[in-house]
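Hi,

Here is the structure I promised to pass on to you. Have a look at it first, and then read my notes below.

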Amino acid sequence: MNKPLVYIARKIPETAFRILESEFELRIHPGDLPPSRAELLAGVRGCSGILSLLSDRIDAEVCDAAGSQLVVVSNFAVGFNNIDLEEMKRRGIAVGNTPDVLTDATADIAVALLLAVSRRVVSARDDVLQGKWRTWEPLGWIGLDLASDSTQAVTKRKRLGIVGMGRIGAAVAQRLQGGWGMEVVYTSRRPRSSLDGGLDAQRVTLDELLTTSDFISLHVPLSAETKHMIGERELGLMKSSAVLINTARGEVIDQQALVTALKQGRIFGAGLDVCDPEPIPSEHPLLQLDNCVLLPHVGSATWQARNAMAERAARNIEAGIQRRPLPFPVQ
Ligand code: NAP
Ligand code: GLV
């Protein structure tokens with residue numbers, strides 16, 4: 001009997017292949033780049049499972065191309081905005097993702113961006129490389145403090161605003177409260193009844209968070225509700241000394257409005273692990289600004305996280321094809 005066919009949209013860590021190769025026939029998209037739409041539609045033909053990446057749009061057209069034996073779509077990511085969930089539900093196709101195992105790695109990148117922007121690490125390094133370092137400069141490369149200001153009569157803690165207090169948002173807050181004693185405020189549609197790790201945080205409105213925070217970090221999933229939730233009005237509410245970090249999805253920010261705010265010095269700076277589109281064109285204005293640090297979507301890029309993601313993605317495929325509940329379903 002033929003083994004069920006699984007389409008894997010890119011080479012991922014071996015862990016996944018070791019789990020899947022004995023029971024399933026694997027059709028792995030070759031090369032380092034995502035499949036074109038035509039390659040994706042041709043590649044999924046006859047598959048029972050699709051192991052997709054966040055760059056692959058999985059919708060009705062892909063399901064039609066695969067055929068009626070398709071039972072599971074497993075995303076190699078925690079975000080699943082690339083999948084048309086309504087359509088999968090209508091067709092009875094199970095959808096899984098890879099939560100938790102990339103939380104620490106992504107939170108670390110958010111903190112790395114926050115430090116890099118606040119202390120101007122990248123522009124200072126660029127100046128060294130360009131021969132602009134002439135002397136120890138008492139007034140050069142001045143950045144922002146992360147620790148409390150204890151030079152005043154009353155010690156003033158820095159305030160961190162977490163937009164989307166889920167797994168990654170909470171991990172970022174724990175790092176910055178534990179490390180620098182920051183006061184934490186957050187938004188989410190529902191209050192968090194308990195926060196892990198002794199985190200002390202207060203839920204406020206988005207406007208209050210934007211108006212009062214020194215550092216703002218975005219952690220909401222991309223949805224119709226969160227697309228461009230940070231636009232011209234919201235950037236206008238922020239302090240001129242505010243630092244904005246985005247490790248969620250590029251489309252959560254209206255990028256044109258961000259370029260204008262950064263150019264005009266409306267905020268101190270931005271640290272972005274994600275942007276719109278990805279990859280960003282090399283001539284994009286964001287890349288010309290020394291108050292913006294942009295990374296190529298590397299939040300989960302550690303071996304520990306990527307191996308664990310590969311394992312979770314494979315376990316979802318295995319369970320889906322065997323008609324068992326997925327161990328890591330998209331809720
Ligand atoms: P999560 O645990 O589901 O957290 C998302 C949080 O956002 C939830 O607490 C949710 O709370 C809140 N939320 C949802 N809609 C909201 C809205 N309209 N307004 C305010 N809060 C809202 O997810 P996670 O694991 O932390 O991951 C978050 C996102 O990070 C992913 O969806 C993905 O896009 C991104 N990500 C990026 C990388 C990277 O490499 N840069 C890596 C991993 C994840 P309520 O439901 O109560 O609102
Ligand atoms: C990465 O962006 C993810 O959603 O896992």
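An oxygen atom of ligand 2 sits 2.8 Å from a polar backbone atom of valine 78, and in this predicted model you'll find much the same story at glycine 79, where a polar backbone atom is 2.8 Å from an oxygen atom of the ligand. Arginine 249 joins in with its side chain: one of its polar atoms lies 2.8 Å from an oxygen atom of ligand 2. On its own, ligand 2 has 200 Å² of accessible area, and the protein covers 87% of it.

Who else is around ligand 2? Besides Val78, Gly79 and Arg249, the residues there are Leu54, Ala77, Leu102 and His297. Sorted by class, that shell comes out as four nonpolar, two polar and one charged.

Now scroll over to ligand 1. It is surrounded by 25 residues, and the closest are Arg167, Ile168, Arg189, Arg190 and Asp273. Two of those names come up again when you look at single atoms. A polar backbone atom of arginine 189 is 2.7 Å from an oxygen atom of ligand 1, while the side chain of aspartate 273 has an N or O atom 2.8 Å from a nitrogen atom of the ligand. Glycine 299 also takes part, with a polar backbone atom 3.3 Å from an oxygen atom of ligand 1. Taken alone, ligand 1 exposes 920 Å², and the protein buries 89% of that. The shell here has eight nonpolar, eleven polar and six charged residues.

Next, zoom out to the whole chain. The domain assignment splits it into domain 1, made of 5–101 plus 303–321, and domain 2, covering 103–294. Their C-alpha centres lie 32 Å apart. Eight residues from domain 1 and five residues from domain 2 make the contact.

How much area is buried between the two domains? It is about 580 Å², with carbon and sulfur atoms giving 48% of it. On the domain 1 side, Leu54, Asn81 and Asp100 supply 63% of the area buried against domain 2, more than any other three residues. You've met Leu54 already, as one of the residues around ligand 2.

Finally, what holds for pairs across that boundary? Between domain 1 and domain 2 there are zero salt bridges, but two residue pairs are in polar contact. The side of domain 1 that touches domain 2 has five nonpolar, two polar and one charged residues.

Cheers

Technical notes. Residues numbered from 1 in each chain as written. Chains lettered and ligands numbered in written order. Predicted model: local features only at pLDDT ≥ 70, side-chain atom pairs only at ≥ 80, totals over all residues. Heavy atoms only, no water. Domains from an automatic or database assignment. Contact = heavy atoms within 4.5 Å. Buried area = accessible area lost by both parts, 1.4 Å probe. Salt bridge = Lys/Arg side-chain N within 4 Å of Asp/Glu carboxyl O. Polar contact = N/O pair within 3.5 Å; in protein donor to acceptor, adjacent residues only side chain to side chain. Nonpolar A, V, L, I, M, F, W, Y, C, P; charged D, E, K, R; others polar. Near = heavy atom within 4 Å. Areas by Shrake-Rupley, 256 points an atom, 1.4 Å probe, with all protein chains shown as cover.
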